[in-house]
Amino acid sequence: MIQWFPGHMAKAIRQFEENIHLVDIVFELVDARCPYSSINPEVDRISKGKPRLMILTKSDLANPNITNQWLNYFKKQGYAAIAIDSKKNTTGKYITKVVKNLLSDKIDEAKKRGLDKKIIRAICVGVPNVGKSTLLNQIVKRRAAQVGNRAGVTKGQQWLKSSDELELLDTPGILWPKFQNDEVANKLALTGAIKDTIYHSDDVGLFALNFFRNNNRDELMNRYHLNEEDMELSDVDLLLKITKKVGMQDDYDRASMRIILDSRKGKLGRFTLDDINDLSGDED
Ligand SMILES: Nc1nc2c(ncn2[C@@H]2O[C@H](COP(=O)(O)OP(=O)(O)OP(=O)(O)O)[C@@H](O)[C@H]2O)c(=O)[nH]1
Ligand SMILES: [Mg+2]
C-alpha cells in the first residue's frame, strides 16, 4: 500500500483551516480521470458551510462520456460542478462567469449596501498536480504561480489577484493520511498526484496495463505493437513483452514508468479510471 503524507501536507491542511474564514467560495479541484478517487475527504470537513465549486480538471485527457456522468452525479449530490481544460485560454473567463453566477446574491447584497464592487475571494484546493496553479494563472491571465508536471510544485499559500474582482488563494496539493484502498492509491499514482519516487512503478504499471487492456485495447495494442496473441498473456507476461518491445530488455520497472508517462501524455487514449457504476451498492 502506497502511503504519502509528509509533514508539509499536515501544515497545508492547517493553513487551509486557518484561512477558510477569509474566502467566499472553495474551488475543489478533482482530476477528471479519477474524479471520485481524487476527492480529498478533508476538504468536506474543512469547508463546511462555504459555497463550493467542484472543478473536474484535465477533462481533455478524460473520457468525455464518463466526465458527463460524473458531472451529473455531483450535481445530484447538490454540488455546483464543471469540467475544464486549463490548456484552453478561455477557461479563466468561463470560471469567473460561473463564480459570479453562483455568488450573485452575495454580490447584489454588497451593491445594495452601497459597495460599487464586491471582491470575491476563493481558495483553490486539491490533490498535488491536479492543476490548481495552472487554473489560477488562467484566471489572472498571467504566470503568477509556478506550475510543473510533477506532484508538489507549490510549496506555500499565495494570493493572486485578477483584474475581474477575484482574489484567489493558491495552495500546495494535499493528500490525506490514509488512502481508502490500494485502488485509490494506484489511481492517484497513475494520474500523477503521488510523487513518482514514492511508489513501485511495476505495481502501478501493472494496474495501468490491466485497465488499458480492458478499456483502451486498440490504443494499447497500437502504441506497443502488440498482436492478438500478446493480448492473451497475463498482465505480468504482457508487461515483460512490452518491456522487450520498447527495447528495455528485462527492466520492467523502467518499462512500467514508460507506460505510466505515456498514459499521462494521452498516448494511450483518453481514459477515466473511476467507474460510476462501482458506486451503486454504497449509494442510494
Ligand atoms: N492536459 C491538461 N494538463 C493540465 C491541465 N491543467 C493543468 N495541467 C498540467 O498539469 C501539470 C500540473 O499543473 P499545476 O498547475 O502545477 O498543478 P498543481 O495542482 O498546482 O500542483 P501542485 O502545486 O504540485 O499541488 C502541469 O504540467 C500542467 O500543465 C488541463 O486542464 N489539461
Ligand atoms: Mg501548484
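This is a dialogue on how to read several features of a predicted model.

Reader: Which conventions should I keep in mind before reading the model?

Author: Residues are numbered from 1 along each chain as its sequence is written, while chains are lettered from A and ligands numbered from 1 in the order in which they are written. The model is predicted, and local features need pLDDT of at least 70, side-chain atom pairs count only at pLDDT 80 or more, and totals for chains, interfaces and linings use all residues.

Reader: How is the chain divided, and how many residues does each domain give to the contact?

Author: Domain bounds come from an automatic or database domain assignment, and here that assignment gives domain 1 (7-170) and domain 2 (200-278). Two residues are in contact if their C-beta atoms, placed from the backbone, lie within 7 Å, and on that basis 14 residues from domain 1 and seven residues from domain 2 take part. Nonpolar means Ala, Val, Leu, Ile, Met, Phe, Trp, Tyr, Cys and Pro, charged means Asp, Glu, Lys and Arg, and the others, Gly among them, are polar; the side of domain 1 that touches domain 2 then has nine nonpolar, four polar and one charged residues. The C-alpha centres of domain 1 and domain 2 lie 32 Å apart.

Reader: Where does the largest nonpolar core lie with respect to the domains?

Author: In soluble globular proteins, nonpolar side chains tend to be buried together. A residue is buried if 20 or more other C-beta atoms lie within 10 Å of its own, exposed if 12 or fewer, and partly exposed in between, with C-beta atoms placed from the backbone; a nonpolar core is a set of buried Ala, Val, Leu, Ile, Met, Phe, Trp, Tyr and Cys residues joined through C-beta atoms within 7 Å. The largest core here has 69 residues, and those that touch the most other members are Phe27, Ala122, Ile123, Cys124, Val125 and Ala208. Domain 1 (7-170) and domain 2 (200-278) both give residues to this core, so it lies between them. Leaving aside neighbours within four places in sequence, Cys124 is in contact with residues including Phe27, Leu136 and Leu169.

Reader: Which strands pair with strand 6, and is strand 6 covered or open?

Author: Strands (E, at least two residues) and helices (H or I, at least four) are DSSP runs numbered from the N terminus, and two strands pair if DSSP finds at least two bridges between them. Strand 6 (residues 166-170) is mostly covered, with four of its five residues buried. Five bridges join strand 6 to strand 4 (residues 120-126), and these two run parallel, with Leu169 as the bridge partner of Ile123. Strand 5 (residues 158-161) is joined to strand 6 by four bridges and runs antiparallel to it, where Lys161 has Glu167 as its bridge partner. Four residues separate strands 5 and 6 in a hairpin, and Glu165 in the turn has a positive phi of about 65°.

Reader: Which residues come nearest to ligand 1?

Author: A residue is near a molecule if its C-beta atom, placed from the backbone, lies within 6 Å of it. Of the 25 residues around ligand 1, the nearest are Gly131, Thr134, Asn149, Thr154 and Gly173, and helix 6 (residues 132-140) gives the most to this shell, with three residues. By class, the shell has eight nonpolar, 12 polar and five charged residues.
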